[in-house]
Amino acid sequence: MTLRLHTYWRSSAAWRVRIALAFKGLDWDAAAHDLRTGGQSTPDYLALNPQALVPALEVDGDVLTQSLAICEYLDERWPQPPLLPADLLERARVRAFAMAVACDIHPVQNLRVLRMLRARGLDQAAVNGWACEVVETGLAACARLIEDRTGPYCFGEAVTLADIVLIPQMANARRFGARVDYPRLEAIEAAALAHPAFAAARPELQADADPS
Ligand SMILES: N[C@@H](CCC(=O)N[C@@H](CS)C(=O)NCC(=O)O)C(=O)O
């Protein structure tokens, strides 16, 4: 069985899948695509993912796209340790939290969206201000979604898909200068980054990392 992740070190969507792969203890190799220079839009990559987005995961030659779908595939194929709680209501809540980030916060920070805004005449400060507002409103709602929870992670004692999606988003928020001082979210971030799977998936540790 071979797993090849199409990734970019700074991509928060690819970061999610890197965490899930590490959490499941799976070996994988990386095909890196530099988003700054259009690596996601080459004919070879478009043949794998017509959306021109990373990540994509090749599993024995089959191609999967969309980070949440990939994480759930990994969870269903390798159920231990689980990424979703056993209880049906809790599973739905974890998924809702993950989607609040992945569907309603993260997309506005996408390179192509920011470029579209600049192409329509918004200057950099206006673009960043808009992105920050969406991120801050979204993270505040996420904090409220889990405000009655205890334990080191979003939904208690165990890592779930919610943590996998939250951690890259916190880093992304900082890059945009958005506020991240939600005490519970910051505590979860600290706990998660101390977990080996999260630590191994950090952007700066990836082979294609290029902070220049
Ligand atoms: N919903 C997708 C989002 C993927 C995504 O937005 N990827 C970004 C990097 S985080 C990307 O490839 N951006 C390239 C671009 O905007 O051109 C997923 O979860 O996989």
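This report describes the fold, domains, core, ligand shell and some backbone details of one predicted model.

## Overall fold

The chain holds 9 helices and 4 strands. From start to end, the order of elements is β-α-β-α-β-β-α-α-α-α-α-α-α. The radius of gyration is 17 Å, close to the 17 Å that the globule rule gives for 212 residues, so the chain is as compact as a globular protein of that length. Its C-alpha trace spans about 45 × 45 × 30 Å along the principal axes.

Buried residues account for 35% of the 212 residues. Contacts also reach along the sequence. Among those between residues at least 6 apart, 67% join residues at least 24 apart.

## Two domains

The chain is divided into two parts: domain 1 (3–81 + 198–205) and domain 2 (88–195). Their centres, taken over C-alpha atoms, are separated by 19 Å. Across the boundary, 12 residues of domain 1 are in contact with 15 residues of domain 2.

Which elements give two or more residues to the side of domain 1 that touches domain 2? They are helix 1, helix 3 and helix 9 (196–200). Helix 1 gives the largest share, with 6 residues. By type, this side of domain 1 divides into 9 nonpolar, 2 polar and 1 charged.

## The nonpolar core

The largest nonpolar core has 53 residues. Within this core, A20, C71, A98, L161, A162 and L166 touch the most other members. Many elements contribute. Helix 1, strand 3 (56–59), helix 3, helix 4 (88–102), helix 6 (124–145), helix 7 (161–175) and helix 8 (183–193) each supply at least two residues.

Why does this core lie between domain 1 and domain 2? Both domains give residues to this core, so the core lies between them.

L161 shows some of the packing. Leaving aside neighbours within four places in sequence, L161 is in contact with C71, L83, L84, V94, R95 and A98. C71 and A98 are also among the core members that touch the most others.

## The ligand shell

How many residues surround the ligand? The number is 16, and the closest are S11, L53, S67, L111 and R112. Helix 1 (12–23), helix 3 (67–77) and helix 5 (111–119) each supply at least two residues of this shell. Both domains take part: the shell draws at least three residues from each of domain 1 and domain 2. By type, the shell divides into 9 nonpolar, 6 polar and 1 charged.

## Backbone details

Most residues other than glycine have a negative phi, and most peptide bonds are trans. The table lists four places in this chain that depart from that pattern.

| Place | Backbone value | Location |
|---|---|---|
| V54 to P55 | cis, omega near 10° | P55: loop between helix 2 (43–48) and strand 3 |
| Q80 to P81 | cis, omega near -15° | P81: loop between helix 3 and helix 4 |
| A52 | phi near 55° | loop between helix 2 and strand 3 |
| Q66 | phi near 70° | loop between strand 4 (62–65) and helix 3 |

A52 and P55 are both placed in the loop between helix 2 and strand 3.

Are A52 and Q66 buried or exposed? A52 counts as partly exposed because it has 16 C-beta neighbours inside 10 Å. Q66 is partly exposed too, with 18 other C-beta atoms within 10 Å. A count of 20 or more would make a residue buried, and 12 or fewer would make it exposed.

## A look at T7

T7 is found in strand 1 (residues 3–7). T7 is buried because 25 other C-beta atoms lie within 10 Å.

Which residues does T7 touch, not counting those up to four places away in sequence? They are A14, R18, A30, A32, V54 and P55. The last two, V54 and P55, are joined by a cis peptide bond. A14 and R18 fall within the span of helix 1 (12–23).

T7 can also be set against D29. These residues are 22 apart in sequence and 9.9 Å apart in space, C-alpha to C-alpha.

Note on methods:
Residues are numbered from 1 along each chain as its sequence is written. This is a predicted model: local features need pLDDT of at least 70, side-chain atom pairs count only at pLDDT 80 or more; totals for chains, interfaces and linings use all residues. A residue is near a molecule or strand if its C-beta atom, placed from the backbone, lies within 6 Å of it. Ala, Val, Leu, Ile, Met, Phe, Trp, Tyr, Cys and Pro count as nonpolar, Asp, Glu, Lys and Arg as charged, and the others, Gly among them, as polar. Domain bounds come from an automatic or database domain assignment. A nonpolar core is a set of buried Ala, Val, Leu, Ile, Met, Phe, Trp, Tyr and Cys residues joined through C-beta atoms within 7 Å. Two residues are in contact if their C-beta atoms, placed from the backbone, lie within 7 Å. The radius of gyration is taken over C-alpha atoms; the globule rule is 2.2 Å times the number of residues to the power 0.38.
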